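Reader: I have a structure open and don't know my way around it. Can we go through a few side chains and strands together?

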Amino acid sequence: MTLRVSKPSFNIREKINEMDGVIPREKMPAGSIIQVVQGKLTTQTESTAGVGTNVDVGLYASMSPHFKDSKVLVELDSFPCRVRGSGTSFVIMLQRKFGWNGTWRDHIATGEYTQYVTGHDEFNDGFNYMDSPGTTDVVYYRITPYKVGGSSNIAYNHNAGGGRGAYNYATLTLMEIKS
C-alpha cells in the first residue's frame with residue numbers, strides 16, 4: 001500500500017514578508033548571529049606599569065545574551081603596540097566579568113611579544129575567541145595588556161594620534177551565536 005502526502009507549495013519570501021521581515025530569535029536556527037556589539041579605542045596609552053600589572057587601556061564591550069546556552073564570539077580586530085626599548089615583553093589579556101558589580105577575571109592571553117630587533121619594535125595583533133558565558137545577565141569584556149619582563153615603556157594602540165598620516169583604532173567585537 002502506498003500512502004501519498006502532499007502539502008501546498010508556498011513562497012518563502014511571502015512568508016517572511018508576512019512577519020514584516022523579522023524572524024523571532026527563538027525560531028532562528030543554531031549558528032545564527034543574534035546580536036553584535038562593538039567597543040572602539042581611539043586613543044594611545046603610554047604605559048610605564050611594572051611587570052605583572054594589568055593596564056586598563058579603555059577597550060571594553062558588553063552584552064546580555066538572549067539565551068543561556070548562547071556562545072559569544074569575541075574578536076580583537078587590531079591592536080598595534082610598540083615596545084620603547086630592548087628586553088621588554090608583554091601579553092594581551094582578555095578579561096571578563098559578570099554583572100556590573102562582578103570581579104574582572106583573566107580569561108585568555110595571547111602569546112608573548114618580545115622586543116628583539118630594535119629599540120622600537122612594533123606589533124599588531126588580534127584574536128578570535130569563542131566564549132560560553134552560560135548566562136543571560138550582562139557580560140563585560142575588556143583588553144588589559146601587561147608587561148611580562150623588562151623595564152621599557154610600551155605604547156598600546158600605538159599611533160592613535162595620527163603620526164605618519166594614519167589614525168589607528170582598535171575594536172573589540174562581541175557576537176552572540178545561537179546554539
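Author: Start with K97, in a model that is predicted. The charged end of K97 sits over the ring of W100, 5.3 Å from the centre of that ring.

Reader: Which other ring face does K97 lie over, and at what distance from the ring centre?

Author: That of Y140, with 5.2 Å to the ring centre.

Reader: OK, switching to ring pairs. How many aromatic pairs are there?

Author: The count is three. One of them is Y60 with W104: the ring centres are 6.1 Å apart and the planes are at 55°, so this pair is tilted.

Reader: Where in the chain are Y60 and W104?

Author: Y60 is in strand 3, residues 60–63, and W104 is in the loop between strand 6 (93–98) and strand 7 (105–109). They are 44 residues apart, and the pair links distant parts of the chain.

Reader: Why is Y60 called partly exposed?

Author: Because its relative accessible area is 34%, and partly exposed is the range between the 20% and 50% cut-offs.

Reader: And W100 with Y140, how are those rings arranged?

Author: Their centres are 6.1 Å apart and their planes are at 65°, so the pair is edge-to-face. The cut-off for that class is over 60 degrees.

Reader: What does that pair tie together?

Author: W100 lies in the loop between strand 6 and strand 7, and Y140 in strand 10, residues 139–143, so the pair ties together parts 40 residues apart in sequence.

Reader: Is W100 buried or exposed? Same question for Y140.

Author: W100 has 63% relative accessibility and counts as exposed. Y140, at 16%, counts as buried.

Reader: New topic: strand 13. How many of its residues are buried?

Author: Eight of eight, in the strand that covers residues 170–177.

Reader: Which residues point which way from strand 13?

Author: A170, L172, L174 and E176 point one way, while T171, T173, M175 and I177 point the other way. All of these are buried.

Reader: How many bridges join strand 1 to strand 13?

Author: Eight, and the two strands run antiparallel. Strand 1 spans residues 33–41. Among its residues, V37 has L174 as its bridge partner in strand 13.

Reader: What about strand 4 and strand 13, how many bridges there?

Author: Six, and these strands also run antiparallel. Strand 4 is residues 71–83.

Reader: Which residue of strand 13 does L73 stand opposite?

Author: M175. M175 is one of the buried residues listed above for strand 13.

Definitions and conventions: Residues are numbered from 1 along each chain as its sequence is written. This is a predicted model: local features need pLDDT of at least 70, side-chain atom pairs count only at pLDDT 80 or more; totals for chains, interfaces and linings use all residues. Side-chain values use heavy atoms; hydrogens and water are left out. Rings of Phe, Tyr and Trp (its six-membered ring) pair if their centres lie within 6.5 Å; planes under 30 degrees apart count as stacked, over 60 as edge-to-face and the rest as tilted. Helices (H or I, at least four residues) and strands (E, at least two) are DSSP runs, numbered from the N terminus. Buried means under 20% relative accessible area, exposed over 50%, partly exposed in between (1.4 Å probe, protein chains only). A charge sits over a ring if NZ of Lys or CZ of Arg is within 6 Å of the ring centre and within 35 degrees of the ring normal. Two strands pair if DSSP finds at least two bridges between them.
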